[in-house]
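Good morning. I have one structure to go through today, so please have a look at the sequence and the model before I start.

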Amino acid sequence: MDFAALMAKEISKAKPPSEKKESSAATNAPEKKYMRRADVEAARIAAYNEEQERLQREREERQTQKRKLEDEEAERRHEREEKKRRLAEESRKRREEEEAEQERQRRKRLGLPELPAAGDKDSDALGDQEEDIPDEELVGKLRELGEPVTLFGETHRGRLRRYRRVMQRALAPQPKLSDGPIPTTLELVPEVEMKISTTLPKDVEGRKYLFRQLASYFNMVLKEWELALAKRDATVKQSLQGRQAYNAMVQSRDNLKPLFRKFEKVDLDDGVLEHIVEIAHKAQQRRYVDANDAYLRLSIGKAAWPIGVTMVGIHERSAREKLHQSDQQAHILSDESTRKYLQSIKRCLSFAQTRWPPDDQLQIMG
């Protein structure tokens with residue numbers, strides 16, 4: 001035995017058994033110097049598939065954990081909301097009980113009858129004489145009346161009560177409206193009784209009769225104005241001036257309606273009523289210039305109109321306090337509705353002098 005064999009034998013004895021097996025397998029298996037491309041590609045695909053499967057499992061585990069956390073959070077939120085609702089309901093009941101107890105104590109202290117029980121209130125909500133109507137029939141009746149079927153938050157009982165109220169208003173006697181350009185509930189007087197006095201009555205009946213006279217007079221003027229426009233030729237009606245005249249009449253008729261509503265309610269300021277009575281009285285006497293002066297006093301008023309500088313230095317000018325007197329303020333500037341029906345009165349006055357011309361030519365307005 002040579003020296004190399006002896007050294008190999010000794011080295012093999014010194015190695016552990018696992019290394020001996022590996023070394024023996026290595027010596028038995030032939031070492032590959034080359035690999036096919038198909039084997040390399042198959043190994044790469046297998047490694048890639050294993051990596052994708054591992055990533056998919058990790059994603060599924062994360063999604064499962066996320067869904068679990070979301071379910072737990074939703075359950076905790078639902079428990080909190082339920083606890084809040086339960087506490088709010090208990091608080092509301094406790095508050096209602098305290099209020100009911102206070103109300104009972106107050107009624108007992110004042111000697112008032114006790115409150116009815118909640119069950120009795122619900123059972124007798126419709127009343128003894130009210131008859132219930134099926135919901136489908138009730139909806140059909142409301143649609144026939146032109147009413148909305150259901151209001152926001154309305155129950156069947158509320159809908160039934162609303163239907164009762166609408167029927168009561170429909171069956172209630174409506175005030176009779178008079179015929180004329182402006183329908184009114186006032187009873188119009190004949191033309192022979194339209195003579196208006198200059199003094200304002202103090203009693204309510206006298207004022208009502210005065211308002212009936214004023215309504216009758218302005219209705220008569222508007223009716224004559226409408227008839228005069230209707231008698232024109234067709235060419236005049238279709239012209240620009242003809243259409244403007246008709247529009248002025250319609251606008252005056254519409255603007256006088258708020259004044260008629262004030263007549264019906266017997267609610268008109270004495271400062272305005274006094275001048276309107278004066279205008280109507282002078283117009284009935286065919287003194288249109290005087291009536292126009294009354295209209296100017298009503299619309300413009302007697303207030304001083306400042307011209308130029310009103311304050312120079314530290315000293316006030318003489319009669320400067322008259323510039324801001326409330327009793328001389330023009331009524332036409334008070335509100336839009338007043339301005340409109342006062343301008344309509346002026347237009348009626350302008351038509352009246354053409355329909356009933358004055359005997360004195362000096363009483364014709366310019």
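I begin with one pair of side chains: Arg 162 forms a salt bridge with Glu 154, and their closest N and O atoms are 2.9 Å apart. A salt bridge here is a side-chain nitrogen of Lys or Arg within 4 Å of a carboxyl oxygen of Asp or Glu. Both Arg 162 and Glu 154 are buried. Buried means under 20% relative accessible area, exposed means over 50%, and partly exposed is in between, with a 1.4 Å probe and protein chains only.

Some words on the source. This is a predicted model, where local features need pLDDT of at least 70 and side-chain atom pairs count only at pLDDT 80 or more, while totals for chains, interfaces and linings use all residues. Residues are numbered from 1 along each chain as its sequence is written, and side-chain values use heavy atoms, with hydrogens and water left out.

Back to salt bridges. How many does the structure hold? The count is 23 salt bridges. One of them joins the side chains of Glu 224 and Arg 355, at 3.1 Å from N to O. Glu 224 lies in helix α7 and Arg 355 in helix α13, so this pair ties together parts that are 131 residues apart in sequence. Helices are DSSP runs of H or I with at least four residues, strands are runs of E with at least two, and the numbering goes from the N terminus. Glu 224 is partly exposed, with a relative accessible area of 22%, and Arg 355 is also partly exposed, at 36%. Elsewhere, Glu 51, Arg 54 and Glu 58 are joined into one network by salt bridges that share partners. Another salt bridge is made by the side chains of Arg 80 and Glu 73, at 3.7 Å from N to O. Arg 80 is partly exposed at 42% relative accessible area, and Glu 73 is partly exposed at 29%.

Next, the annotation. UniProt, in an unreviewed entry, lists residues 141–165 as "domain: Pre-mRNA processing factor 4 (PRP4)-like". UniProt positions are given in the numbering used here, feature names are shortened, and annotations may be inferred rather than shown by experiment. Over residues 141–165 the chain is 56% helix and 0% strand, and the end C-alpha atoms are 13 Å apart. Arg 157 lies in helix α6, residues 156–171, and is partly exposed at 37% relative accessibility. Its C-alpha atom is separated by 8.5 Å from that of Asp 132, with the two positions 25 residues apart along the chain counted as their distance apart.

Now the empty space. What is the volume of the largest cavity? The largest cavity holds about 60 Å³ of space, and the count of cavities of 30 Å³ or more comes to one. The search uses a 1 Å grid over the protein atoms alone: a cavity is a set of points where a 1.4 Å probe fits but cannot get out, a pocket is an open set with protein on both sides within 12 Å along at least five of seven lines, and lining residues have an atom within 4 Å of a point. Grid points are joined across faces, edges and corners, and a volume is the space filled by probe spheres set on the points.

Which helices supply the lining of the largest cavity? Helices α7 (204–230), α11 (270–284) and α13 (336–355) each supply at least two residues, and α13 gives the largest share, four residues. Among the lining residues are Tyr 217, Ala 283 and Ala 352.

The largest pocket has a volume of about 210 Å³. Its lining also includes Tyr 217, Ala 283 and Ala 352, along with Arg 286 and Trp 356. Helices α7 and α11 each supply at least two residues of the pocket lining.

Arg 286 has one more feature: a positive phi of about 60 degrees, although it is not a glycine. Arg 286 sits in the loop between α11 and α12 (288–299) and is partly exposed, at 33% relative accessible area. Val 266 is not a glycine either, and has a positive phi of about 50 degrees. Val 266 is in the loop between α10 (257–265) and α11, and is partly exposed at 30%.

That is where I stop; questions are welcome.
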